[in-house]
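Student: Before we go through this one, please put the sequence and the model on screen. I have some questions about its interior.

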Amino acid sequence: MRYFRLFIISCIVVTLGSLSACMALSDLDMMESDNNWTIFRGNAALSGFTDRALPENPTLKWCFKNDVRTVSSPIVYDGVAFTCDRKGVIRGIDELGEQCFEYDLQTPVEASFIIHDSVLYVGRIDGFLSAISLRTHKSLWQYETDGQISASPNVIEKNGNTRILVGSYDDNMYTFNAQNGHRINKVETGYYINGATALWKDYMVFGGCDSWLRVINTQTGEATDSMELKAYVPASPAILGDYAYVSDYDGNIYEVHLENGKIKDHRMLLTVNKEEGDAGSVSIPAVSHDAVYVFTNERYVVCINKADGSERWRKMLKGITGESSPLVCRDKLLVCTKDGHVSILNTKTGEELWHYEVGEQIIASPAVLEGSFYILTSRGKLFYFSE
């Protein structure tokens, strides 16, 4: 019931104005407490927005070194940061930088994972979705799909029922009972599902390698609408209110207006021209109440005004952009480049306020708590920054 109540509150608040919209997002972002960041984009809508403040003067407090290739993003539960390396070993690192949890799936993992009610849900390269209890350190259930799982699961809770949603390379989007792993439904799509589904009201919204954006009823599994993009969708949509923002592989950015389970209309916010040397993006947009932040042309982050689609500012970063996605943290933007540069920008002007170079590739998205944040490198080093 918690998510259902939060959704009703957010719908009411959004109508009161942009400040209230940010407050509604803050409620969603908290998930269960301020010590949690239980999904890689902060909330089930994958908006990439949080009302949590970044530290004014970020200082590296510790770095936990694993030295095993890691693709998935870190998440935080009850103040413990969890990572999963490419070999399938899940580790929990406490606030002092000491390991306090370990579970070996004994199979490769690339997907980011989620935690809900002390249970970690993770998709695996061998096609299984696993549920691991953080209390007992034991497997609760697992379900085998017919293709690898490269997407993060998502979770929806309504009327006391918790469901886990995840896409597979067997071309299906699955819905499971969170408690026992019973498959509730599956929806066949045209091709691989590489990105996580974003949640909007009673619907899931996701793209696939067949270039289609789909809207599916989470309760019935019914496909209610779809839209073909110019290229395939490598990542996930980001949703705020009744609008979804999605990037295709070429780097085109779409704003999609959703209403009553349907795509009411859409517009292009950013169009790339490969003949003129424009390059695409494989990251997820970040959305605030009045702007959309996207990577483009391998070196730039762009702020787009949602009201009229105009470009507010464009900032050249110190490194090449990659799969890591930007995060809006109140009035600041946290960005990571593929070659290891971490920057905090002013959301209004694009001015760089802080910079740190980790010296290694970054693919994962950051995790943010109030006054602190985590950065995970592809070699498995977890950096913790605070005041």
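The questions below concern the pocket, the cores and the cysteines of this predicted model.

Student: Which residues are closest to the centre of the largest pocket?
Tutor: The largest pocket has a volume of about 840 Å³. Its lining counts 35 residues, which divide into 15 nonpolar, 15 polar and 5 charged. Closest to the centre are Asn194, Pro234, Val282, Glu323 and Ile363.

Student: Which strand gives the largest share of the largest nonpolar core?
Tutor: This core has 48 residues, and Tyr121, Ile164, Phe176, Val256 and Leu258 touch the most other members. The largest share is 4 residues, and they come from residues 253-259, which is strand β21.

Student: What is Tyr121 in contact with, leaving aside its neighbours within four places in sequence?
Tutor: Tyr121 is among the members of the largest nonpolar core that touch the most others. With those sequence neighbours left aside, its contacts are Phe113, Ile114, His116, Ser130, Ala131, Trp141, Pro153, Ile164 and Ala178.

Student: How many residues are in the second, separate core?
Tutor: Ile93, Leu334, Ala364 and Tyr374 are included in this core. Its residue count is 28.

Student: Is Cys209 buried or exposed?
Tutor: The cut-off for buried is under 20% relative accessible area. Cys209 has 19% relative accessibility, so it counts as buried.

Student: And Cys336, buried or exposed?
Tutor: The same cut-off of under 20% applies. Cys336 has 1% relative accessibility, so it counts as buried.

Student: How many disulfides does the count come to?
Tutor: A disulfide needs a pair of cysteine sulfur atoms within 2.5 Å. By this rule the number of disulfides is 0.

Methods
Residues numbered from 1 in each chain as written. Predicted model: local features only at pLDDT ≥ 70, side-chain atom pairs only at ≥ 80, totals over all residues. Heavy atoms only, no water. 1 Å grid on protein atoms, 1.4 Å probe; cavity = no way out; pocket = protein on both sides within 12 Å on 5 of 7 lines; lining within 4 Å. Points joined across faces, edges and corners; volume = space filled by probe spheres on them. Nonpolar A, V, L, I, M, F, W, Y, C, P; charged D, E, K, R; others polar. Core = buried A, V, L, I, M, F, W, Y, C linked by side-chain atoms within 4.5 Å. Buried < 20%, exposed > 50% of the residue type's maximum accessible area, 1.4 Å probe, protein only. Helix = DSSP H or I, 4+ residues; strand = E, 2+ residues; numbered from the N terminus. Contact = heavy atoms within 4.5 Å.
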